Structures are given as structure tokens and as C-alpha cells.
Amino acid sequence: MERLKKRFSLLSAIIDALIEPPETVGYPFTKLELPETYRGAIVIDPEKCTGCGLCVRDCPAQGLELVKKSRHEFKLIHYPARCAYCGQCSISCRRKAISHSNQLVGSTSNPEALVVVLKEKEDEEQG
Ligand code: SF4
Ligand code: SF4
């Protein structure tokens, strides 16, 4: 009797698996819908970023770099291969200039190919 029960439950599991749609998606061939709150690729609002460096200071993974040429010239660089996608930079930024998008970061065997210059401010941009 016990054997028969086991066989029945196995059979019902097989039938369920055949009928129900899969939990997984066929990414990258199917578009992956990520939740709004997903901590994906880092984005910046260049209008808001002042180059203060708070995000760089607080990043636990050296995922950001601020290259200052002069007081008014700087470059904010993101290194996705180092980033832990922890969200600390967006918490630290007082101007809400840096945040996560809900987009996935691409993959590559060359981490340098992922490096992004988030903001580059030249001296002539000053008003
Ligand atoms: S993103 Fe925010 S914290 Fe980072 S340098 Fe710009 S203003 Fe400062
Ligand atoms: S998400 Fe975290 S690890 Fe990535 S750049 Fe921001 S603070 Fe650094």
C-alpha cells in the first residue's frame, strides 16, 4: 500500500511538472522583467553630481573612483567588476545623484570593458 502511495505521488508530481508553466525564463532569449527595486547597473544624474566623493569614500569594494584634475574638473568612474551592488553609494550621496537602475550589467571575460565614466566635468562646463 505504501509503495502504491509513493508511486501515485511521483506520478502526480510528473503530471504537475508537465502541465504547469516553468518557473524559469529563457533569458537571454526572453526579456527578463526585473522588479523596480532591483539593485542593477549604477546610474548617475550628471546634473546633480558635484564630485564631492562621498560615494567613493563609503564604497566598501573600491567600485568607484573620483579623478580630480582641478577644483572644477573631475571624472567619476564606476568599476562594475568590483561592485557588490550593495547600494551604499546611493545612501551616501546627499544629492541623490547616484542610484541603481533595474537593468542587468553585461558579462564579459574582460572586466575593463565594463568600466563606465559616470560623469566627466570639464572646466568650461562651469556657468
Ligand atoms: S554621486 Fe553624489 S556622492 Fe558621489 S561624487 Fe557625485 S554628488 Fe558626491
Ligand atoms: S553599489 Fe556598493 S559596491 Fe557598488 S559602487 Fe556602490 S557602494 Fe560601491
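Two residues are in contact here if their C-beta atoms, placed from the backbone, lie within 7 Å. With that in hand, residues 24 or more positions apart account for 69% of the contacts in the protein chain with a separation of 6 or more. Please keep in mind as you read that this is a predicted model.

**Overall layout**

Let us start with the whole chain. The protein chain holds three helices and five strands, and along the sequence they follow the pattern α-β-α-β-β-α-β-β. The radius of gyration is 23 Å, well over the 14 Å that the globule rule gives for 127 residues, so the protein chain is more spread out than a compact globule. Along the principal axes, the C-alpha atoms fill a box of roughly 80 × 25 × 25 Å. Of the 127 residues in the protein chain, 12% are buried.

**Helix 1**

Now to the beginning of the chain. Helix 1 takes in residues 2–19, and its 18 residues reach 26 Å from the first C-alpha to the last, close to the 26 Å expected at 1.5 Å a residue. Helix 1 is hardly covered, with a count of zero buried residues among its 18.

**The paired strands**

How many bridges join strand 2 to strand 3? There are six, linking residues 64–70 with residues 73–78, and the two strands run antiparallel. A hairpin connects strand 2 to strand 3 through two residues. Within this pair, Lys 68 has Phe 74 of strand 3 as its bridge partner.

Strand 3 also pairs with strand 5 (residues 116–121), in the antiparallel sense and over five bridges. Here Leu 76 stands opposite Lys 119 of strand 5.

Just a little further on, Asp 123 lies in the segment after strand 5. Leaving aside residues up to four places away in sequence, Asp 123 touches Ser 70, His 72 and Glu 73. Asp 123 and Glu 73 are 50 residues apart along the chain, yet their C-alpha atoms are separated by 5.3 Å. Is Asp 123 buried or exposed? Asp 123 counts as exposed because it has 10 C-beta neighbours inside 10 Å, and a residue is exposed if that number is 12 or fewer.

**Around ligand 1**

Which residues are closest to ligand 1? They are Cys 49, Cys 52, Cys 55, Cys 93 and Ile 98, out of 14 residues that surround the ligand. The shell around ligand 1 divides into nine nonpolar residues, four polar and one charged.

**Backbone features worth a look**

Most residues other than glycine have a negative phi, and most peptide bonds are trans. Against that background, the peptide bond from Tyr 27 to Pro 28 is cis, with omega near 10°. Pro 28 sits in the loop between helix 1 and strand 1 (42–44).

Two further residues can be set side by side, each with a positive phi although neither Tyr 85 nor Lys 96 is a glycine.

| Residue | Phi | C-beta neighbours inside 10 Å | Exposure |
|---|---|---|---|
| Tyr 85 | near 55° | 15 neighbours | partly exposed |
| Lys 96 | about 55° | 9 neighbours | exposed |

Where are these two found along the chain? Tyr 85 is in the loop between strand 3 and helix 3 (88–92), while Lys 96 is in the loop between helix 3 and strand 4 (98–100). With 9 C-beta neighbours inside 10 Å, Lys 96 counts as exposed, whereas Tyr 85, with 15, counts as partly exposed.

Note on methods
Residues numbered from 1 in each chain as written. Chains lettered and ligands numbered in written order. Predicted model: local features only at pLDDT ≥ 70, side-chain atom pairs only at ≥ 80, totals over all residues. Pairing = 2+ DSSP bridges. Helix = DSSP H or I, 4+ residues; strand = E, 2+ residues; numbered from the N terminus. Buried ≥ 20, exposed ≤ 12 C-beta atoms within 10 Å, placed from the backbone. Near = placed C-beta within 6 Å. Nonpolar A, V, L, I, M, F, W, Y, C, P; charged D, E, K, R; others polar. Expected span 1.5 Å × (residues − 1). Rg over C-alpha atoms; globule rule 2.2 N^0.38 Å.
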